[in-house]
Amino acid sequence: MTDRPQDPGLTAHESLYRHLRAQIMHGQIEPGASLTLRGLAEEFGVSMTPAREAVRRLAAEGALKLSPSGRVSTPALANDRIEELAALRSLLEPELASRALPRAHSALIDRMQDITVQIDGLMRAGDAAGYIRTNLEFHRNLYLRAQAPAMLALAETVWLQLGPTMRALYARLRRPSASENHNKIIAALRAGDEASLRLAVRQDVTSGLRMLMR
């Protein structure tokens, strides 16, 4: 049993669910990796019951696969599934960005520029999980301004399902900078150009995923 602390005020199930969800979303677990309820319970210092509840909840969100025999794994996505999730991102995220545009003040845009610099550094350092986490932070900072919580929740579910696959994508990237599309997003925000913003977001969220489809 580890010394991983349980978040104050959360049940054992909710604490494990949030930690495991973040690990999956940020690509800390490989696609197709096998997990066990006993292993999760020991890692997070909980009993089998909250581990089982967290796994069932994540399976319902498409973040884990739960076989009839009880085997738990992260999904290894086929090309058609990657294409479907990329299409969802291309629909949801330009709309979120468009709704956020009227409330994208200069301090937010400056923060997004700083995050872009961090992303480039993480890529050069070969920090896959850090890169994925910070890239999602870039997008989430903007989308929170959309004041569309249901739409953002859908986008986060897509990110969750793509997390392990994004790790596989990261291994294929060989460029020193990931900032081209992000700089286009930032420029469109500064100009208040909705059409350019939608296009830049769509290109950013779909271009990498297409590399995974053979």
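Reader: Why is E14 called buried?

Author: In this predicted model, local features need pLDDT of at least 70, side-chain atom pairs count only at pLDDT 80 or more, and totals for chains, interfaces and linings use all residues. Residues are numbered from 1 along each chain as its sequence is written, and side-chain values use heavy atoms, with hydrogens and water left out. Buried means under 20% relative accessible area, exposed over 50%, and partly exposed in between (1.4 Å probe, protein chains only). E14 has a relative accessible area of 15%, and is therefore called buried.

Reader: What makes the pair R57 and E14 a salt bridge?

Author: A salt bridge is a side-chain nitrogen of Lys or Arg within 4 Å of a carboxyl oxygen of Asp or Glu. The side chains of R57 and E14 meet at 2.7 Å, N to O, so the pair satisfies the definition. R57 lies in helix α3 (residues 48-60) and E14 in helix α1 (residues 12-25), 43 residues apart, and the pair thus links distant parts of the chain. Helices (H or I, at least four residues) and strands (E, at least two) are DSSP runs, numbered from the N terminus.

Reader: Why is R57 called partly exposed?

Author: The relative accessible area of R57 is 31%. This value falls in between the cut-offs for buried and exposed, so R57 is partly exposed.

Reader: How many salt bridges does the structure hold?

Author: The structure holds 13 salt bridges. One of them joins E84 and R81, at 2.7 Å from N to O. Both residues lie in helix α4 (residues 79-100), three residues apart, about one turn of the helix.

Reader: Why do E84 and R81 count as partly exposed?

Author: E84 has 42% relative accessibility and R81 has a relative accessible area of 29%. Each value lies in between the two cut-offs, so both residues are partly exposed.

Reader: What makes D110 and R190 a salt bridge?

Author: The closest N and O atoms of D110 and R190 are 3.0 Å apart, which is within the limit, so the pair qualifies. D110 lies in helix α5 (residues 106-125) and R190 in helix α8 (residues 180-191), so the salt bridge ties together parts that are 80 residues apart in sequence.

Reader: Why does H26 count as buried?

Author: H26 has 14% relative accessibility, which is under the cut-off, so H26 is buried. Leaving aside its neighbours within four places in sequence, H26 is in contact (heavy atoms within 4.5 Å) with A129, I132, R133 and L136.
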